[in-house]
Amino acid sequence: MELRIEQVSKHFKDKEAVNDVSLTLSAGVWGLLGANGAGKTTLMRIIADIMTPTKGKVLYNGTDIRQLGETYRAVFGFLPQDFGYSRDFTVKDYLEYMAALKDVPVDLTRKKIYELLDILTLSDVKNKKIAKLSGGMRRRVGIAQAMLNDPEVLILDEPTAGLDPGERVRFRNFISEFAHDRIVLISTHIVSDVEYIATQTAIMKDGRVVDVGTTDQLVKEIEEKVWSCTVPARTIPELEMRLRIINQRGEDNEQVSIRYLSEKAEVDNSKPASPRLEDLYLWLFPNEEKDKEAH
Amino acid sequence: MRMLKVELKRILKSRRAVILMIAGICLSALLAVAPISFVSADVYDSNGKVQELNGLSAIRYWREIKAPSNGEVTPEKLKAALETYQKCVEEYGSPDSEDFPVDVYIDKISPIRDLLRLLPTTYSEYVNGNLVPRDLTEINIEEVDSFYEACETRLENVIKVEREPESTSQKAASLYNKVDRPFELYVGYDTNAFDYLCFCILFLVIIGVVLSAPLFSENYESGADQILRCTKYGRKKLAQTKMFANMLTSILMYIMGIIVHLLISDLSFGTTTLKTSVQAIYDTISLPNLNLFQLQIVLAVGGLLTLISVNAFTYFLSSKFERAAGTISVSLIVTLAPLFIFAAFGNNWISSILPAGGIGLNNNLLMQLVDFRFLHLGTHSFWTPQVTMLFTIIWIPVFLILAVRSYCKHRVA
């Protein structure tokens with residue numbers, strides 16, 4: 001089982017959203033990390049065959065997905081970033097509708113729907129209109145529809161947006177179990193969504209895949225670039241001006257423990273810290289760090 | 001079948017669709033009631049007091065009064081009517097004058113008024129390039145022996161006045177030769193009811209547009225389309241199923257609306273009156289060989305074909321437009337375009353070949369049928385209602401195929 005993205009580019013009038021991306025996805029959970037506007041959604045739409053690339057193609061088990069058409073879509077599941085639905089649908093009606101479109105056998109449909117409703121803790125709201133559900137619940141309905149046909153290729157664009165921490169953990173565990181012998185590609189800018197469950201992670205920046213590997217392989221790239229130290233609280237404003245502080249925690253005696261990113265130690269007593277995927281992400285996307293601070 | 005079932009279930013659970021369907025049926029009923037309420041009669045009792053009758057009671061009153069006119073419109077019957085009229089005029093003066101005795105009018109003129117109405121235009125005179133209707137007092141009773149020949153002469157004169165080419169003359173004559181004679185007349189049906197049937201068809205088609213416009217656009221707008229078209233049957237089959245289910249819903253609303261409308265109308269005016277020839281109620285030279293019941297069927301079927309054609313066009317627009325509001329606006333403009341184009345330019349090809357060519361006001365299929373309307377292409381003449389219906393039918397597969405192709409080719413912007 002293999003999904004090969006071959007030199008895919010997508011140009012819009014004023015922007016190169018995806019630029020010569022090549023990637024071969026095998027079974028397992030794949031993370032697609034990137035800041036907003038990095039080109040993740042465009043790439044996912046191309047993989048979903050709802051957007052035509054300007055250049056390149058996507059092959060599933062060696063055949064162009066556009067040639068495969070219905071055959072590809074039969075083994076495909078997709079949750080786009082914005083989950084749209086008909087406003088009059090109840091959760092159950094919607095899933096029955098999607099099951100028919102996905103050609104889930106009639107005798108299996110009910111069982112499959114109830115199973116997914118149970119797993120995604122939606123059983124209590126199955127007869128409610130989707131429009132009346134909370135954002136997190138709606139997102140889970142979106143995840144349920146994507147998985148109705150037990151897809152071999154599951155593409156989830158920002159699947160955890162709107163989920164609370166507990167729901168995120170449940171989602172991650174569910175996806176981990178589901179991904180055996182399947183390709184699951186999760187696009188996100190929330191590093192923790194993929195850090196622990198992704199077999200491989202690809203990082204996109206400005207339309208290009210700038211790095212691919214396991215979490216361990218990726219974080220190696222910023223070894224000796226993550227530092228931690230304890231500094232007096234009053235020095236923080238000045239340090240923030242010249243350092244890329246990624247974390248700070250108040251300690252006793254007006255001291256603050258900080259983690260920062262730098263090619264070399266910039267503060268006395270700095271010790272190399274063990275890098276995490278999030279550190280790499282912030283190393284690659286300094287603007288996200290600012291966004292995080294702004295929030 | 002399974003997809004059709006879930007799609008129909010989706011539509012029928014949609015509050016918007018249900019409201020529109022109910023509105024369509026209620027409006028049809030209201031439009032049937034309106035012309036009934038317009039009928040009125042002043043009845044004089046034995047004391048000479050006037051009592052105004054309205055609606056059903058007025059219809060019943062007129063049906064009774066005018067019953068002697070019912071049956072075949074034979075020259076003998078027309079002669080007798082004209083003779084009665086001319087005698088009354090000799091004795092009491094013009095029936096239009098205020099001095100004319102009311103009881104005489106009710107006893108003598110009212111029963112034959114619908115027969116008399118056929119004569120002035122049929123015996124119109126060709127004067128300086130115009131056809132001038134003759135006064136009933138000027139028509140020689142013996143002339144009426146050749147009433148049906150006079151109808152044919154009038155047809156020829158109309159062609160002359162309209163400066164129609166020879167091809168029109170041949171086509172019109174061939175159509176008119178097929179009209180059954182003598183005409184049948186069963187009084188009581190009001191032509192307003194036919195106008196309102198046409199309004200009803202127009203409104204049902206407009207509701208059909210509103211019902212159909214969001215078909216694809218709504219999903220583009222909400223983002224639902226991104227999910228739907230990634231499914232196994234999310235392209236051609238989904239497009240076909242959605243269009244078929246929507247079409248079924250629109251057709252169901254239309255048929256129910258028309259049935260309700262015609263039931264109210266026909267039961268009120270009386271089913272016997274439907275045997276009346278079109279020529280006996282509209283124009284003696286109207287070309288279709290139809291009675292009023294057949295005319296209703298033709299208008300209803302023509303309306304249904306127009307609904308299907310306009311819906312097909314709307315599906316095509318819906319597959320192109322990202323916003324349902326845009327689809328509704330453009331579709332309504334095109335639906336109403338024949339009405340405005342006809343108002344501006346009269347009988348013309350453009351208003352006839354558009355998908356909604358058969359609906360409107362003065363341009364609707366009823367007017368095309370009962371009025372004398374031909375279109376020309378080189379030396380050839382075409383009867384307008386035939387052109388309109390032909391194009392209405394042609395657009396159906398064209399726009400359905402284009403809609404499916406356009407939906408399948410649609411890509412996320």
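How many residues of domain 1 of chain B are in contact with how many residues of domain 2 of chain B? Keep that one in mind while we look around; the model you have open is a predicted one.

**Stop 1: chain A**

Select chain A and switch to a cartoon view. You'll have 12 helices and 14 strands to trace. Along its principal axes, the C-alpha atoms fill a box of roughly 70 × 45 × 35 Å. A compact globule of 295 residues would have a radius of gyration near 19 Å, and chain A has 21 Å, so the two agree. Try colouring by burial next: buried residues are 42% of the 295 in this chain. Contacts reach a long way along the sequence, too. Of those in chain A with a separation of 6 or more, 67% link residues 24 or more positions apart.

**Stop 2: the two domains of chain B**

Now over to chain B. Give one colour to residues 2-36 plus 190-409, which the domain assignment calls domain 1, and another to 71-185, which is domain 2. Their centres, taken over C-alpha atoms, are 36 Å apart.

Time to settle the opening question: 17 residues of domain 1 of chain B are in contact with 23 residues of domain 2 of chain B. On the domain 1 side, pick out α14 (278-281), β7 (374-377) and β8 (380-383) of chain B, each of which supplies at least two residues. β8(B) gives the most to that side, with 3 residues. Colour this side of domain 1 by class and you get 6 nonpolar, 10 polar and 1 charged residues.

**Stop 3: where the chains touch**

Show both chains together. Here 24 residues of chain B are in contact with 28 residues of chain A. On chain B's side, select α1 (2-12), α11 (214-222) and α12 (224-228), which each bring at least two residues. α1(B) gives the most, with 5 residues. By class, chain B's side of this contact divides into 9 nonpolar, 7 polar and 8 charged residues.

**Stop 4: into the core**

Last, head inside. The largest nonpolar core has 197 residues. Those with the most contacts inside this core are Trp30(A), Ala144(A), Val205(B), Ala312(B) and Ala403(B), so label these five. Then highlight helix α10 of chain B, residues 191-212, which gives the most to this core, with 16 residues.

Finish by zooming in on Ala403(B). Which residues does Ala403(B) touch, not counting those up to four places away in sequence? Look for Ala239(B), Met243(B), Ala312(B), Tyr315(B), Phe316(B) and Ser319(B). Ala312(B), one of these neighbours, is also among the core residues you just labelled.

Conventions
Residues numbered from 1 in each chain as written. Chains lettered and ligands numbered in written order. Predicted model: local features only at pLDDT ≥ 70, side-chain atom pairs only at ≥ 80, totals over all residues. Helix = DSSP H or I, 4+ residues; strand = E, 2+ residues; numbered from the N terminus. Rg over C-alpha atoms; globule rule 2.2 N^0.38 Å. Buried ≥ 20, exposed ≤ 12 C-beta atoms within 10 Å, placed from the backbone. Contact = placed C-beta atoms within 7 Å. Domains from an automatic or database assignment. Nonpolar A, V, L, I, M, F, W, Y, C, P; charged D, E, K, R; others polar. Core = buried A, V, L, I, M, F, W, Y, C linked by C-beta atoms within 7 Å.
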